[in-house]
Amino acid sequence: MRDAARAATAPDVALEIAPYTLEASPKRSIKTVAYNGQIPGPLLRMREGQAQSVEIRNLTSDDEIVHWHGLFLPSEIDGAMEEGTPMIAAGASTRYTMTPNPAGFRWYHTHTFAGKNLTKAQYGGLHGFLLIEPRDNPARYDQEVFLGLHDWHGQFLSSDDGFMNPVYDVTTINGKMLGFGDPIQVKQGERVMMHILNSSPTEVHWISFSGHSFRVVALDGNPVPKSREVEMLRLAPAERVSAIVEMNHPGVWVLGEVRKHVQATGMGIVIEYGNSTGKPVWNQPQELVWDYRLFANPGLTAPGGSVKPIELAFDSKFQGHGNEELWRINGLTYPQNSTPVTSPLLQAGQRYRLVMKNKSMDDHPMHLHRHTFEVRRLEDGAEIAGLRKDVILVHAGGTVEVEFVANNPGKTLFHCHQQDHMDRGFMVLLRYA
Ligand SMILES: [Cu+2]
């Protein structure tokens, strides 16, 4: 095909970034920005390994960028300016071809700076689902449902320790507060595949579905070694859970945030069996339960020498009461920790173990771009294996060890997915030698 003819061809994927007013309920309208006039953005389905042409038009007055979260893309299109992906200027557009890998539940979102403006970057509506279908699809379910959790209308409040933390008074599933979206219709006996994404800028969420349990089959889109049935899910910012739910308890039910004060701000959705009527039922769980280790295999200690450790200690530097803290990795904040001299250097083909020590009083959802890691140890527990993710929550005062193979040369961002933390320097750029 000649270039002119190619340019005239419609892209496989077209995203338009434009101002949008979200009606979370008739009483709560939120002025924000969206992809293609909807929140979440359009559900994109791609076939593993099949090249897609993508066109992104930025109709806002700010520079934008689209990050493809969980994919193995070149740095030039991965969607982080720190890696060298160009920003899409206000009013401009871009077009490129990408080859989607690996198969699984991925997502796409903005990767910009918000600072003190709690309507920008991930605080807004720029997020959407992406499902990369495996080459041969072993689907064994009757219906597929995508659920996106989000927090809105944040305000910085000073907490007891003097840090400024965002708090929210509107929370939604698929852009609607509980009672204001369309109920999900199901039939008795159906197996429903639920793909749940936490796109919150900063908040961890706990989800249960009254009358039902979740059989977790994948975390961050990657099949788990041990599929287990659980009563509730915990999702840190940017995490995904894929779970099969057996519809074996007819009625009208609520799927929602377990913590009452959060569900009260809207985070819930009604699930309705055919021919069932009545007020949606919510059964309040008594405690919060989640353990990544349930889904992993026991692990063997890696043979010495074959895996190189990279130690990463997280802490913050207090800037004075009422100010935002600066976040540091090994004592340095971004970009001081990411110069050609200070960046951790990777050798292609080498397996690395990131040993993360969280010396702060907050939990941090840590995300590695362009690679999948294997979770190998939580706190001082036994080694585990087979759990492949791209985000992991590192508890306050805790330790997490993950391994990955440096198999995708190019600049690679590793950062806390909490927007206010990444804005305050909680990032580091890994470079290949
Ligand atoms: Cu953080």
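Donors of a metal are N, O and S atoms within 2.8 Å of the metal, and water is not among the atoms, so sites may look incomplete. With that in mind, the copper site of this predicted model is a convenient place to begin. Along the chain, the donors of the copper ion follow the spacing H-x51-C-x4-H. The pair H364 and C416 links distant parts of the chain: H364 belongs to strand β27 (residues 364-368), C416 belongs to strand β33 (residues 412-416), and 52 residues separate them. Three residues coordinate the copper ion at 2.0 to 2.1 Å, namely H364 through ND1, C416 through SG and H421 through ND1.

How accessible are two of these residues? H364 has 0% relative accessibility and therefore counts as buried. C416 also counts as buried, because its relative accessibility is 0%. For both, the cut-off that matters is a relative accessible area under 20%.

D363 sits in the loop between β26 (351-358) and β27. With a relative accessible area of 31%, D363 is partly exposed, a class that lies between the limits of 20% and 50%. D363 also has a partner in space from another part of the chain: G398 is 35 residues away in sequence, and the C-alpha atoms of the two are 8.6 Å apart.

The next stop is the start of the chain. Strand β1 (residues 13-25) pairs with strand β2 (residues 28-35) in the antiparallel sense over eight bridges. The two strands, β1 and β2, make a hairpin, with two residues between them. Within this pairing, A18 has A34 of β2 as its bridge partner. Strand β1 is also joined to strand β4 (residues 52-58), by five bridges, and these two run parallel. Here I17 is found opposite N58 in β4.

A separate group of strands can be followed from β3. Four strands form an open sheet with mixed pairing, in the order β3-β8-β7-β5. At its edges are β3 (41-47) and β5 (66-69), each of which pairs on one side only. On average, neighbouring strands of this sheet are turned by 20° against each other, direction ignored. One of the pairings is that of β3 with strand β8 (residues 127-133), which is parallel and has five bridges. In it, R47 stands opposite E133 of β8.

Aromatic side chains come next. The model holds 10 aromatic pairs, counted by rings whose centres lie within 6.5 Å. One of them joins F105 and F129, whose ring centres are 6.1 Å apart with 35° between the planes, a tilted arrangement. Because F105 lies in strand β7 (residues 104-110) and F129 in strand β8, this pair ties together parts that are 24 residues apart in sequence. Are these two residues buried or exposed? Both F105 and F129 are buried. Elsewhere, ring pairs connect Y35, W68 and Y108 into a cluster.

Strand β9 (residues 143-152) offers a case of burial at the level of a strand. Eight of its 10 residues are buried, so β9 is largely enclosed by the rest of the structure. Which strands does β9 pair with? Strand β14 (residues 191-198) is joined to β9 by seven bridges and runs parallel to it. G148 is placed opposite L197 of β14. Strand β12 (residues 170-173) is joined to β9 by four bridges, and these two run antiparallel. In that pairing, D151 stands opposite T171 of β12.

The last site centres on E239 and Y292. E239 is located in the loop between β18 (232-235) and β19 (240-246). Its relative accessible area is 2%, so E239 is buried. What does the side chain of E239 contact? The side chain of E239 reaches the backbone nitrogen of A236 at 2.8 Å. The E239 side chain also makes a polar contact, at 2.6 Å, with the side chain of Y292. The ring of Y292 has a further neighbour, since R234 lies over its face at 5.1 Å from the ring centre.

Note on methods: Residues are numbered from 1 along each chain as its sequence is written. This is a predicted model: local features need pLDDT of at least 70, side-chain atom pairs count only at pLDDT 80 or more; totals for chains, interfaces and linings use all residues. Side-chain values use heavy atoms; hydrogens and water are left out. Donors are N, O and S atoms within 2.8 Å of the metal (3.2 Å for Na, K and Ca); water is not among the atoms, so sites may look incomplete. Buried means under 20% relative accessible area, exposed over 50%, partly exposed in between (1.4 Å probe, protein chains only). Two strands pair if DSSP finds at least two bridges between them. Axes are lines fitted to C-alpha atoms, for helices over the stretch in contact, and angles run from 0 to 180 degrees between N-to-C directions. Rings of Phe, Tyr and Trp (its six-membered ring) pair if their centres lie within 6.5 Å; planes under 30 degrees apart count as stacked, over 60 as edge-to-face and the rest as tilted. A charge sits over a ring if NZ of Lys or CZ of Arg is within 6 Å of the ring centre and within 35 degrees of the ring normal. A polar contact is a pair of N or O atoms within 3.5 Å; within protein, one must be able to donate a hydrogen and the other to accept it, and residues adjacent in sequence count only if both atoms are side-chain atoms.
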